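Reader: I've got this model open and I'd like a close look at one part of it, with its surroundings filled in afterwards. Could you take me through the strand pairing and whatever packs on it?

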Amino acid sequence: MNQNLSKLLLQLRAIWSQLGASQRVSVVAATLVLVGALAALSVWSARTDYALLYGGLSDSEAAKVVASLDDAKVSYKTGNGSIYVPADKVYTLRMQLAGKGIPSGDGVGFEIFDKPNFGISDFVQHANYVRAVEGELARTISQLDEVEAARVMIVMPENRLLLDKDTYPTASVFVRVRGNSQLQPQSINSIRFLVANSVEGLKPNHVAIVDNMGNVLAENTDDGSLTGLSDTQLAARRNLEQYLGKKAQDMLEKVLGPGQAIVRVSADINYDTLTQTQEKYDPDGQVVRTETKNTEINNSTTTSAGSGPVGITANVSTNQSTETASSPVNNTQNQKTTSTTEYEIGKTTSNMVEAAGGIKRLTASVTVAQQWQGDGADRKLVTRTPQELDELKSLVASALGIDASRGDSISLEELPFNDTFATDVTQELTQEQHRDFWLNLGRNAVYPALGIAALFVLFRLFQRTPVQEIPIGVPVGRLMARQNGNGNGNGNGHRFGEEYEPQPGVVTVEVLNRLIKENPANMTQAIRDWMNKGRTSEN
């Protein structure tokens, strides 16, 4: 084994002594590159790949996680509230930490009831329940993308036999917003309804929200109070004005271009609730409701005395038959008919309730930018014609629903916009984009340029390398030809000396390449004999 190694070293030394300067530089450079690549590959393969275990933790929670990792003797990296561990241990560590209740989040949740507490008073039990609700709400609110951390405080009235209508539950929410942004109105309403629906008897308008910059995002107001009504009315008016203004401005920007129009709307809203009842009679639409007819018939008989002397004979009748025959009889019959007819007059009754929120009057102010023509020094403002302005005004009036009978009005003016700041910002952004583009291009091109430069230097070194001469200690004829023939041992080929004159001396690289191409078998045997002869002479 030692002899083979010594022979290999001797062969390498002999080959190294026969190389030129440029060839030695190439071999050394290739060796260094190969060794560096192997070293980098070994380091890269041996490094530990870290993955995120938990992110966005508070300092207290991060300290608990780090302490648990130290006890488990697990390597980790920390930074900006995030903890990184080896990628193959992420899920195992999460399950182990979850079994320990880490991280538990800020505050205490319903896990406070996991431990049995015997002999606890009702007051402490109620206080623990309120703490648990506050902790769970804080954890839930912290799940919003805009909220970094949250705390919830709930005030519950005491249970009494006599209820007080002025005593009701209230809640306060403190949120820490990510960065310097502000919570959106939909997020504020979501938090209020979330807290209100988690506490019995709590109304959304009794939930106050404050952020970490001291801004009151939602005040604690009553619906029936003057302040609550004013805030609600102001919010409704603001939303209506913003909606109408945005609708008209978006339409104009589609026609004129972005930033070429400004629309502001003022709305006068009727907040009165009106109930109107109206009865209308139609005299021409008579209808017979009832008709009554009564008929009365009266019969009467009367007797009148005859003509005779006035006295006793006339007043005293002595004979009935004589009196009857001598006196006339009158029969009377009376008939009376009464008719009563009742008519129903047509009546229409309407009951109309006009709810609050109707628009009493709209006014809009529209400003459009003047047009520019030309570039550079030839750039100038061009005023629109009155017909074009009337068309734009008509479009805005139709979009807003302007009603002249209601007293609505709209004003449209064409003015030059001050776009100096926007132009400067655009130029700075353009310059920065160009600078970043060239920097990235140069950064991406430097490595290929270095590689091309290294190849060019090596190519120039190879071109400047002089013709190397390989000294041969024996004549060329004896080196190329074997006594038995063509050098392959079969004795069938012609001798090398018959075709080339054996001349002792040196063999150039060009001649050696030509000989190898013409008869590779002979050259292989000759070089093998030459190397063996060199070892024999050294021994």
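Author: Let's start with the strands. β4 and β5 run antiparallel, and eight bridges join them. If you want a spot to click on, Met153 stands opposite Ser172 in β5. On to the next pairing: β5 also pairs with strand β6, residues 207-211, this time in the parallel sense and over five bridges. There, Ala171 stands opposite Val207 in β6. Keep in mind throughout that this is a predicted model.

Now for what packs on those strands. The buried residues of helix α5 pack against β4 (147-155), β5 (170-177) and α6 (185-196). Which residues of α5 are buried? They are Asn128, Val130, Ala132, Val133, Glu134, Gly135, Leu137, Ala138, Arg139 and Ile141. Charged names turn up in that list alongside the nonpolar ones, with Glu134 and Arg139 both buried. As for the helix itself, α5 has 21 residues and spans 30 Å from its first C-alpha to its last, close to the 30 Å expected at 1.5 Å a residue.

Arg139 deserves a second look. Its side chain meets that of Glu136 in a salt bridge, at 3.6 Å from N to O. The cut-off for a salt bridge here is 4 Å, so the 3.6 Å of Arg139 and Glu136 falls within it. How does the spacing along the helix come into this? Both residues sit in α5 (residues 122-142), and because they are three residues apart, about one helical turn separates them. The two partners differ in cover: Arg139 is among the buried residues of α5, whereas Glu136 is partly exposed at 24% relative accessibility. Buried means under 20%, which is why the 24% of Glu136 puts it in the partly exposed class.

That salt bridge isn't alone, since a search of the whole structure finds five. One of the others joins the side chains of Glu414 and Arg384, at 2.9 Å from N to O. Glu414 lies in strand β14 (residues 409-415) and Arg384 in the loop between β13 (380-382) and α10 (386-400), so this pair ties together parts that are 30 residues apart in sequence. Both ends are buried: Glu414 has 11% relative accessibility, and Arg384 has 10%. Another salt bridge brings together the side chains of Asp408 and Arg406, at 2.5 Å from N to O. Here Asp408 is buried, with a relative accessible area of 9%, while Arg406 is partly exposed at 31%.

While we're around α10, have a look at Ala399, which lies in that helix. Ala399 is buried, with a relative accessible area of 18%. What does Ala399 touch, leaving out residues up to four places away in sequence? The answer is Lys247 and Met251. Ala399 and Lys247 are 152 residues apart in sequence, yet their C-alpha atoms are 7.3 Å apart in space. Across the protein chain, residues 24 or more positions apart account for 68% of the contacts with a separation of 6 or more.

Then there's the outside. Leu5, Leu8, Leu9, Leu12 and Ile15 form a nonpolar patch on the surface, with about 460 Å² of accessible area together. Leu8 is found in helix α1 (residues 2-18), and it is partly exposed, with a relative accessible area of 42%. For a backbone oddity, try Lys73: its phi is near 55°, a positive value in a residue other than glycine. Lys73 lies in the loop between α3 (59-71) and β2 (77-79), and at 74% relative accessibility it counts as exposed.

To put all that in its setting, the secondary structure of the protein chain comes to 15 helices and 16 strands. Buried residues make up 20% of the 539 residues in the chain. The accessible surface of the protein chain comes to about 39,200 Å², and 54% of that belongs to carbon and sulfur atoms. So back at your starting point, you have β5 paired antiparallel with β4 and parallel with β6, with the buried residues of α5 packing against both β4 and β5.

Definitions and conventions:
Residues numbered from 1 in each chain as written. Predicted model: local features only at pLDDT ≥ 70, side-chain atom pairs only at ≥ 80, totals over all residues. Heavy atoms only, no water. Helix = DSSP H or I, 4+ residues; strand = E, 2+ residues; numbered from the N terminus. Buried < 20%, exposed > 50% of the residue type's maximum accessible area, 1.4 Å probe, protein only. Patch = residues over 30% accessible without salt bridge, like charges linked within 9 Å, V, L, I, M, F, W, Y side chains within 5 Å. Areas by Shrake-Rupley, 256 points an atom, 1.4 Å probe, with all protein chains shown as cover. Expected span 1.5 Å × (residues − 1). Contact = heavy atoms within 4.5 Å. Pairing = 2+ DSSP bridges.
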